[in-house]
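Got the viewer open? Let's take a walk through this one, a stop at a time.

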Amino acid sequence: MKKITLLAIVALSALPVFAQDINGSWFGVLNLGGRKLPVAINIHEINNAYTATMDSPAQGRKGIPVNTVNFSDDTLTFSIAGLRLEYKGVLAGDSIAG
């Protein structure tokens with residue numbers, strides 16, 4: 001019984017770690033005053049810090065540098081200075097709403 005209880009506690013304590021993984025490509029739409037532009041944000045964690053690039057498939061642009069990326073308490077924020085773009089969203093399952 002102790003092994004099962006311990007295993008259950010270990011398994012359940014690992015869930016928040018997996019639920020907060022934001023590495024990979026995230027797809028969404030920028031609303032630009034009546035025009036909608038599909039984008040992808042590509043997030044990578046390196047040495048406990050996040051880096052990202054943005055792709056704009058409709059414009060044929062890939063690898064647009066993201067200047068700042070922060071992820072804390074299920075909240076993702078990032079900015080792209082050259083585009084005057086800032087984003088703040090909350091991770092909920094497999095989507096980020098913001």
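## Stop one: Phe78

Select Phe78 to begin; this is a predicted model, and in it Phe78 counts as buried, at 9% relative accessibility. Now add Tyr87. The two rings form an aromatic pair that is stacked, with 5.2 Å centre to centre and 25 degrees between the planes. What makes it stacked is the angle, because planes under 30 degrees apart get that label. Is Tyr87 buried or exposed, or does it fall in between? Tyr87 counts as partly exposed, at 24% relative accessibility.

## Stop two: the other aromatic pair

The count comes to 2 aromatic pairs. For the one you haven't seen yet, select Tyr50 and Phe71, which pair edge-to-face: 6.1 Å centre to centre, with 85 degrees between the planes. Colour by strand and you'll see that this pair links distant parts of the chain, with Tyr50 in β3 (residues 49-56) and Phe71 in β5 (residues 68-72), 21 residues apart. Check the surface here too: Tyr50 is buried, with a relative accessible area of 19%, and Phe71 is buried as well, at 16%. Tyr50 gets the buried label because the cut-off is under 20%.

## Stop three: the core

Next, show side chains for the largest nonpolar core, which has 19 residues. Phe78 from the opening stop is among those with the most contacts inside it, along with Ile22, Ile43, Met54, Val66, Val69 and Leu76. Which elements give two or more residues to this core? They are β2 (35-46), β3, β5, β6 (75-80) and β7 (85-92). Of these, β2 gives the most, with 4 residues.

Zoom in on Ile43 and display what surrounds it. Setting aside neighbours within four places in sequence, Ile43 is in contact with Ile22, Asn23, Gly24, Trp26, Tyr50, Thr51, Ala52 and Leu76. So Tyr50 turns up again, this time as a contact of Ile43.

## Last stop: zoom out

Switch to cartoon for the whole protein. You should find 1 helix and 8 strands, running α-β-β-β-β-β-β-β-β from the N terminus on. Buried residues make up 26% of the 98 residues. Turn on the surface, and the protein exposes about 7200 Å², with carbon and sulfur atoms supplying 59% of it. If you draw a contact map, look at contacts between residues at least 6 apart in sequence: 15% of them join residues at least 24 apart.

Definitions and conventions. Residues numbered from 1 in each chain as written. Predicted model: local features only at pLDDT ≥ 70, side-chain atom pairs only at ≥ 80, totals over all residues. Heavy atoms only, no water. Phe/Tyr/Trp six-rings, centres within 6.5 Å; stacked < 30°, edge-to-face > 60°. Buried < 20%, exposed > 50% of the residue type's maximum accessible area, 1.4 Å probe, protein only. Core = buried A, V, L, I, M, F, W, Y, C linked by side-chain atoms within 4.5 Å. Contact = heavy atoms within 4.5 Å. Areas by Shrake-Rupley, 256 points an atom, 1.4 Å probe, with all protein chains shown as cover.
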